[in-house]
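Reader: I'm new to this and don't know where to begin. Could you walk me through how to read a structure?

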Amino acid sequence: MAINRFTTMAYSEADEMVFGRAKKPVKAGLDLEIGAGYTTAEVNYAPRPEAGETKEKLVNEYQRITKDIMARMVQVGFPSVVLETEHVQQMTNHPEWGAAVAHAQKTIMEEYHEEYGIKCALRHTPGDVRETKEFLALRGDKMAVVMESFEQVAESGADLLSIESMGGKEVFDYAVLRNDVPGMLYAIGCLGTMDMDYLWQEIAKVAQQKGVTAAGDTDCAQANTAMFIAGGLLDKNLAHTLAIIARTLAAPRSLAAYEAGAIGPGKDCGYENIIVKAISGMPMSFEGKTSTCAHSDVMGNLIMQCCDLWSNESVEYHGEFGGTTVQCWSESLNYDCALMNTALKSGNEKILRDLLMASDRFRDPQSYILAYDNAYKVGQAIVKDGNDIYLRAKNAATECCNILNTSTGLEMTKFELGALAKATAELEALTAESETFMSDCMAKYKAEVPVFKPENYAL
Amino acid sequence: MLIVDKEGILIRYNVKMEKSMTPEEAAAELYPKDELYRAIAEAIFEGEEDDVIEGLEAAIAAGKEPIALIDDALMVGMKVVTDLYDQGIIFLPNVMMSADAMLEGIEFCKAESGASPETKGKIVVHVAEGDVHDIGKSIVAALLRAAGYEVVDLGRDCPVDEVIEAVKKEKPMMLTGTALMTTTMYAFKEVNDRLVEGGLSLPFACGGGAVNQDFVSTYSLGVYGEEAADAPKMADAILKGATIADLRAKFHNH
């Protein structure tokens, strides 16, 4: 597959973007269409730890999970659902395990579809196991294992293929703990994108061969690491202004999947997906207030503003008062979707979108930038130099700083402002030449980060 | 587009509660009085490795013992940093950069003196078998070193056998384990059982990602750490005689 960079915006203005509608809807699975005028819940889950002991136990666990979700969907009268299975490592390292799980899940979903007509699709997300104990090993034998996993799950019932890829993480982990914005840019914007180009061309090829959908990636390994380290308002581990710079850097990086053949829906934990949707016009999955079972964030309502799939990130399978966890969370997600779909049907979608956005807009620098109007501006900065992976990432971070520096209504602490001022100055001082930046960073991080192996990026 | 004033909708408690003192002002109150030590402590606070070495060279030229400078200047500078971090005045990356500078300074002092300094104690750290997410472990290791502990880092995806062997060999005062995923954290239980079977009893501090207090409480040596910054606090408590039960009483907050 060829790489086709985005150099224009899919939407002519930010206000055109709403939940449930994408410029390029995606048909997938059993009569489901994503981004075609309605939102759908995407339910995520993790097996109980002891279920991973054998293939049989694992398959049984996922059968229970799938039946529970599908049963609750019809009990409460929801018209559509997506199930996402993020692989535990055994399922990717032994591709036949993942295949057996996909087959078992899809069989149940087909039964429900046949009996009740519920529209549904199955996303499988193999783990990015391209690493050894010490180093990332993005190319070679481990890549072959990942691709074998994709092939087998695609053959066995998965409709949507995704991954949370790790390219650039070895440099990012070093840079983020040292307030090193140029290092974060190199890790996410350059190394991350280069690995995405390589990986997603192969995934798109598998999807095409097997007749399924190459859906999308997320910068979980880096931007979410920054978001989690940044934590809540009172945490002192990373300035939230730096966390949102990492997030904006992640947008051109996650965009690379769609430049290499993916068509959406993007992965739920990619909070950068709002920027990616503005640029690509492809449907995106998001998570927020209904992913508190997995982690906290500071934009639980806002991030729902333009979702096409609405997810809970992940919840361990076990019992609660209201049923099993997957039943409880799938029901919550679907009630949110019912509200959004009511707004769409009644022509009130922009009002609801704006209420969601306004309720969190000033909660944090992260929510301020990811508000759809500001996210759109970051998108414009990216496509301005869309063909240059360094410049477009630099533009994204610079625009993020500009918006924060000229913000109105957003209060920031001295720490956040100090980190922002330092980042702004560092970005301004960066070269305009990609080659210079790449070679300078290569020398610097090869010397400073022992686990950085340039051959992972064909450098 | 709808913009609504945030009054009554949300409160930026971090802005509301922010200390008026800048980090530099707060640090200035804590630096040692001796000019030679102060320059080193300031360089540690700034995370400037070259300035740390320069300060150490000046102190040695003035007759200070290189190995004594570790406790008298480097650790004092680092304590300024960790105290301000504990008080919420500076952020984690400052601690990481200061720790880098301090470790470089310690290596310099060791090379100058040809001797090794005494540490507060030895701690073995690892990431659970099957888990390659190691940023949490790196933070724990840096904070422990910053607090004056010797850290034996077994790395990520560490087999249970390797953990047991390291505990037998190194005889640490504490073992730490971090994991991101529920599926890998079960290795902690196995580590615990093997330690107990082997008659080895030491606090096994566990945390990270999906690890929670309920899970860690199910094995006898386990102590749950909610934050990386809990690790040096646990080690300090052990030095003061805290047992596993004491640690649980102090750090199990849920």
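Author: We'll take chain B step by step, then look briefly at where it touches chain A. Keep in mind that this is a predicted model.

Reader: Okay, what helices and strands does chain B have, and how many of each?

Author: Chain B has twelve helices and five strands. Its C-alpha atoms fill a box of roughly 65 × 55 × 35 Å, taken along the principal axes. Of its 254 residues, 47% are buried. Now look at the contacts with a separation of 6 or more: 73% of them link residues 24 or more positions apart.

Reader: In what order do the five strands sit in the sheet?

Author: Reading a sheet starts with asking who sits beside whom. Here the order is S2-S1-S3-S4-S5 in chain B, in an open sheet with parallel pairing. S2 (150-153) and S5 (222-224) of chain B each have a single partner strand, so one side of each is left without a neighbour in the sheet. On average, neighbouring strands are turned by 25° against each other, ignoring direction.

Reader: Which residues could I look at to see the pairing for myself?

Author: Try S1 (residues 122-127) of chain B, which is joined to S2(B) by four bridges. Val124(B) has Val152(B) in S2(B) as its bridge partner. To get from S1(B) to S2(B), the chain passes through H7(B), and this β-α-β crossover is right-handed. Then go to S4 (residues 204-207) of chain B: three bridges join it to S5(B), running parallel. There, Cys206(B) is partnered with Tyr224(B) in S5(B).

Reader: What lies across S4(B)?

Author: That's helix H9 (residues 182-197) of chain B, which lies across S3 (174-178), S4 and S5 of chain B. H9(B) runs at about 175° to S4(B).

Reader: Back to H7(B): is that helix largely enclosed or largely open?

Author: For a helix, check its length and then its surroundings. H7 (residues 135-146) of chain B has twelve residues and spans 16 Å from first C-alpha to last, close to the 16 Å expected at 1.5 Å a residue. Eleven of those twelve residues are buried, so H7(B) is largely enclosed by the rest of the structure. Among the buried ones are Ile135(B), Gly136(B), Lys137(B) and Arg145(B). Just after the helix, Gly148(B) takes a positive phi of about 95°.

Reader: Where is Gly208(B), and is it buried or exposed?

Author: Gly208(B) sits in the loop between S4 and helix H10 (213-216) of chain B. It has 26 C-beta neighbours inside 10 Å, and therefore counts as buried. Setting aside neighbours within four places in sequence, Gly208(B) is in contact with Gly136(B), Thr178(B), Ala179(B) and Leu180(B). Gly136(B) shows how the fold brings things together: it is 72 residues away in sequence, yet 6.6 Å from Gly208(B) in space, C-alpha to C-alpha.

Reader: And how many residues does each chain bring to the contact?

Author: One general point first: the size of an interface is often given as the accessible area lost when the parts come together. Here we can count residues instead: 33 come from chain A and 31 from chain B. On chain A's side, helices H11 (349-360) and H15 (414-429) are the elements that give two or more residues. H11(A) gives the most, with four. By type, the residues on that side divide into twelve nonpolar, eight polar and 13 charged.

Technical notes:
Residues are numbered from 1 along each chain as its sequence is written. Chains are lettered from A and ligands numbered from 1 in the order in which they are written. This is a predicted model: local features need pLDDT of at least 70, side-chain atom pairs count only at pLDDT 80 or more; totals for chains, interfaces and linings use all residues. Two strands pair if DSSP finds at least two bridges between them. Axes are lines fitted to C-alpha atoms, for helices over the stretch in contact, and angles run from 0 to 180 degrees between N-to-C directions. Two residues are in contact if their C-beta atoms, placed from the backbone, lie within 7 Å. The expected span of a helix is 1.5 Å times one less than its number of residues. A residue is buried if 20 or more other C-beta atoms lie within 10 Å of its own, exposed if 12 or fewer, and partly exposed in between; C-beta atoms are placed from the backbone. Ala, Val, Leu, Ile, Met, Phe, Trp, Tyr, Cys and Pro count as nonpolar, Asp, Glu, Lys and Arg as charged, and the others, Gly among them, as polar. A crossover is right-handed if, with the strands pointing away from the viewer, the path from the first strand over the helix to the second runs clockwise.
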